[in-house]
Structure formats: structure tokens, C-alpha cells
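Colleague: Hi, got a minute to walk me through this model?

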Amino acid sequence: MKRCEQCGVQVNGPGKLCPLCGAPLSGEGGGEAVYPAVGFGRGYHFVKRLLLFLSIMAVIVCAVVNLATMPNFWWWAIVATALAYAWAVGSHSLRRGGNGGGRVLVQVVAAAALVLLLDFETGWRGWSVDFVLPAICGVGIAAILVLILCNLTNWAQYVLYQVALALLGFVPIALYFFHVSHVFWAASIPAVMALASLAALFLFGDRSIKNEFVRRLHL
């Protein structure tokens, strides 16, 4: 029978992930699953393909209209960027299994890329790095801390994502010192939150959490 090292429970069935915390299962096992596998039906896949087709057609129509009416301002690229972001984040969020921390990390990175592209496509006024990027990093750090507080018994499964989001929190202050952004107070807030997050990890994290961090990085 398979075993979850995080929860300490035994799991019967062909699954590879713990149904409680989503961590990988160890050991050998088999037999029939306790719960039936629930998947997406044919209707879901048809709707997904239909929405993808409509998204592509929307970008093409917007590009034709844009080039015919306002060739000096490519607003169709903004539409394409927003749709690409929606597909990337939506597909990842709807995927079964996985880790909540991983979803937070992916959405933070995707949102940061989106605002940077939008700023670039509209003439680069710097609002993305001055205000929006620090806000996104701060929200990401806060979100992972909320996940940890709501699931302290499984803190170890979030530790790698906690560190990754904390490192992203230092990006805005680094951009400020390299003169890419120009608002110190906005850049300093996620840096302070990142320091607090790392301090909490090393001060309150027990040995199992630190061992999990070392294991995931193969140190």
C-alpha cells in the first residue's frame, strides 16, 4: 500500500498523489481506488476547443480592424496578450491535483509578464515596474502565507514556493537600484514582506520543513 510521507497516511489505489495534501506517494500499491476517478467529459473538451477557436478568431478580427483603422497604435496586441494570459492561467488553475503554492507562483509570474507586456505595448510609461509589479509580488507573498496559516500541518509542501515568492519580492527593489523603477516606497514594501517571510521560515519552521527544502533542492 502506498504511503504519504507528509500526512503519514496509507492510500489504496492507483493514484500517485495524496488525496489530502497533493504530495507524491511513496511505496508500491494497487487495487481499486476508494473514490472513482472524476474526469472531464467530451463536452468539456469540445467547449475548450470552441473557446480556443473563438479566441484565435477574435485576435485575427481585432488585428484586421486595428490595422485598417488605427495602424499607428497596435491595440490588438493588448487583446492578444490578455487572451494568452487568460488561457495560461486558466488552464493551470483548472488542472487537477498539484499544489496551491504552485498555482500562486504561476499566477504571480503570469500577471507580472502581462503588465510588463501591456506597459511595453502602450509606449512604456513605467507604471508596471513602479506600482503594479510591486503590488503583484506583495499579493503573492501574502497569498502563500495565508495558505500556510490555513494548513500549518502541511507547511513543508509550500516551503519551496514560499522561498521562490520571497525571492521575487526582491525584484522591485533591485529594479529601483538599477534605475528601472523610480518609486522607492512601492519597491520596498514587497522586499520587507519577503524578509519577513524568510525570517518566519527560519525562525518558526521545524526540522521537517528545513529538510523538505533541502530535499527539493537536492542539497
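Modeller: Sure, here is a chat about the overall make-up and a pair of packed helices. This is a predicted model, where local features need pLDDT of at least 70, side-chain atom pairs count only at pLDDT 80 or more, and totals for chains, interfaces and linings use all residues. Residues are numbered from 1 along each chain as its sequence is written, and side-chain values use heavy atoms, with hydrogens and water left out.

Colleague: How many helices and strands does the protein have?

Modeller: Eight helices and two strands, taken from DSSP runs numbered from the N terminus (helices are H or I, at least four residues; strands are E, at least two). The order from the N terminus is β-β-α-α-α-α-α-α-α-α.

Colleague: And what share of the residues is buried?

Modeller: 33% of the 219 residues. Buried means under 20% relative accessible area, with exposed over 50% and partly exposed in between (1.4 Å probe, protein chains only).

Colleague: Let's turn to H4. What does its length look like?

Modeller: H4 covers residues 127–150, and its 24 residues reach 33 Å from first C-alpha to last, close to the 34 Å expected at 1.5 Å a residue. The expected span is 1.5 Å times one less than the number of residues.

Colleague: Where does H4 bend?

Modeller: At Leu-133, by about 30 degrees, and Pro-134 follows within four residues. The bend is the angle between axes fitted to the seven residues ending there and the seven starting there.

Colleague: What covers the buried residues of H4?

Modeller: The cover includes H3 (100–121), H5 (159–169), H6 (171–177) and H7 (184–204).

Colleague: How do H3 and H4 pack?

Modeller: At an angle of about 175 degrees, with axes 10 Å apart. That makes H3 roughly antiparallel to H4; the cut-offs are under 35 degrees for roughly parallel, over 145 for roughly antiparallel, 65 to 115 for roughly perpendicular, and oblique for the rest.

Colleague: Which residues meet there?

Modeller: Val-104, Val-108 and Leu-118 are among those from H3, and Val-132, Leu-133 and Ile-136 are among those from H4. Contact means heavy atoms within 4.5 Å. The residues of this contact divide into 15 nonpolar, four polar and one charged.

Colleague: Different topic: why does Gly-138 count as buried?

Modeller: Because its relative accessibility is 10%. Gly-138 lies in H4 and touches Pro-190 and Met-193, leaving aside residues up to four places away in sequence. Its C-alpha is 8.3 Å from that of Ala-191, 53 residues apart along the chain.

Key. Axes fitted to C-alpha atoms, helices over the stretch in contact; angles between N-to-C directions. Nonpolar A, V, L, I, M, F, W, Y, C, P; charged D, E, K, R; others polar.
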